[in-house]
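Hello,

I am passing on the structure we discussed. Please look it over with the notes that follow.

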Amino acid sequence: VTLTGDGINQSILDAEGTDRVILCDSLSNITIEHLSVRNGYVNTESGQSGLFGGGISIESCSKVLFQFNEVDNNAIVNGLGGSAYGGGIGCTSGTNVTIFSNVITNNSSGGDGSSGGGCYLHGSMVFVANNTISHNYNATMLGSRGSGIHLNAWPGLLVNNTIMNNSRDYSYFGVGVLISRKALIVRNHITENNSHTTTNSRAGNGIGIQDYSEQVVIGGSPGNGNNIYDNHIESNAWGKQLALRGEEIYVIATHNYFGEGVDPSTDSTIVYPLANFLTDHFSSETITFSTNPLISFFDTVRFTSSNLGESLEIQGEVYNTSNSVVNILHTDIADPSFTASLDSQVVQPFSSAIFNISFTPEQYGLTEASLFIHLEDDTLELPLRGHVEYPVSAVQNSIHPNSFIISNIYPNPFNPS
């Protein structure tokens, strides 16, 4: 199914507040492009079915490409008191969904537990790249989340977007971006997202990460950091730029800029209760983004072994975040202890290449190298670290001597004769 217009403001689909604009249900190979999608409205109180997507609803679809569109002034409201997901775009149970180079603005969701004023994206392999997501809104008394975008995917890739001036009233979590599963967040500008109320608790106005998230990488390597700054919360709040909520979270947040004068030790900036959290905290200046189309979840590929000669293997994956094919020409690793199964190949837009990395240690202690993935115009470097623990016998032998020898000292300083 392909729906192609003549461009934003040229081809306009306007529901005039009577229903959602587009519904895609159980379809595959969908392309929607070069359209303005406006004034969709879904309210369960008025008898309309569905809780996903005021402007566009994508339900149980695969291979969806939504690109070069404007999504403006759409709304979804659960007047019966339950949740409503995705004022502009609502996607549930999607597979291979790409949201690329759109303007998503002035959309809203309402209802207790409403989520994704701009868009709510749920599914596997979800790419969100090169979009402007701004001035979207959550309006509810209880539990509003993700006013800009709620990314609930495995994995979800949020790359090179501008997410700003999204807002909410009342309580809960994650105004600009809300993450609920596995996510890679790189090269984004996330700024000036706001909570307006002075009552109830608020957190994570830049990025909020939920307690059932899996691995979340924010930045992670040079050139892939994010600019996250000037996100505001009124009183009785925590986590202006970034907040983590829960116990079973693994987050890497490195090489990011979190704004001038931010103290990483204060509750007003960052909270990570009982979470596994690795960060180099706050850079002193905004980030210049890499233009390499390939990215990886790994900041460093790490192996730990207890035996020499034991071969260990980790599955790697690199993602093409551009709308053009990427040609992998060849790879190389200087140290023979590491090998990679990534051959020359073409990686299609918004897809990935899966490969295995092996480590067969030849010495105790630490071995370091890099996997270089060479493209036509660039190279992606993945640092590799392998560590082999010394055996107990070797440690014992290094501590306890086998013999003692006492030799004469000549000349004897106390008895020169």
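How many bridges join S29 to strand S33 (residues 250-254)? There are five, and the two strands run parallel. Please keep in mind that this is a predicted model.

One residue pair shows how S29 and S33 line up: Ile218 stands opposite Ala253 in S33. S29 also pairs with strand S24 (residues 183-186), again in the parallel sense, and three bridges link S24 and S29. Here Ala183 has Val216 of S29 as its bridge partner.

Is strand S29 largely enclosed or largely open? Four of the five residues in S29 (residues 215-219) are buried, so the strand is largely enclosed by the rest of the structure. Buried here means under 20% relative accessible area.

The other part to look at is an open sheet of five strands. Its order is S37-S44-S43-S39-S41, and the pairing is mixed. Which strands form the edges? They are strand S37 (301-305) and strand S41 (345-347), each of which pairs on one side only. On average, neighbouring strands of this sheet are turned by 30° against each other, with direction ignored.

At the S41 edge, the pairing is with strand S39 (residues 326-333). S39 and S41 are antiparallel and share three bridges. Among the residues involved, Asn327 has Val346 in S41 as its bridge partner.

As general background, strands of a sheet pair through backbone hydrogen bonds, either parallel or antiparallel.

Regards

Note on methods: Residues are numbered from 1 along each chain as its sequence is written. This is a predicted model: local features need pLDDT of at least 70, side-chain atom pairs count only at pLDDT 80 or more; totals for chains, interfaces and linings use all residues. Side-chain values use heavy atoms; hydrogens and water are left out. Two strands pair if DSSP finds at least two bridges between them. Axes are lines fitted to C-alpha atoms, for helices over the stretch in contact, and angles run from 0 to 180 degrees between N-to-C directions. Buried means under 20% relative accessible area, exposed over 50%, partly exposed in between (1.4 Å probe, protein chains only).
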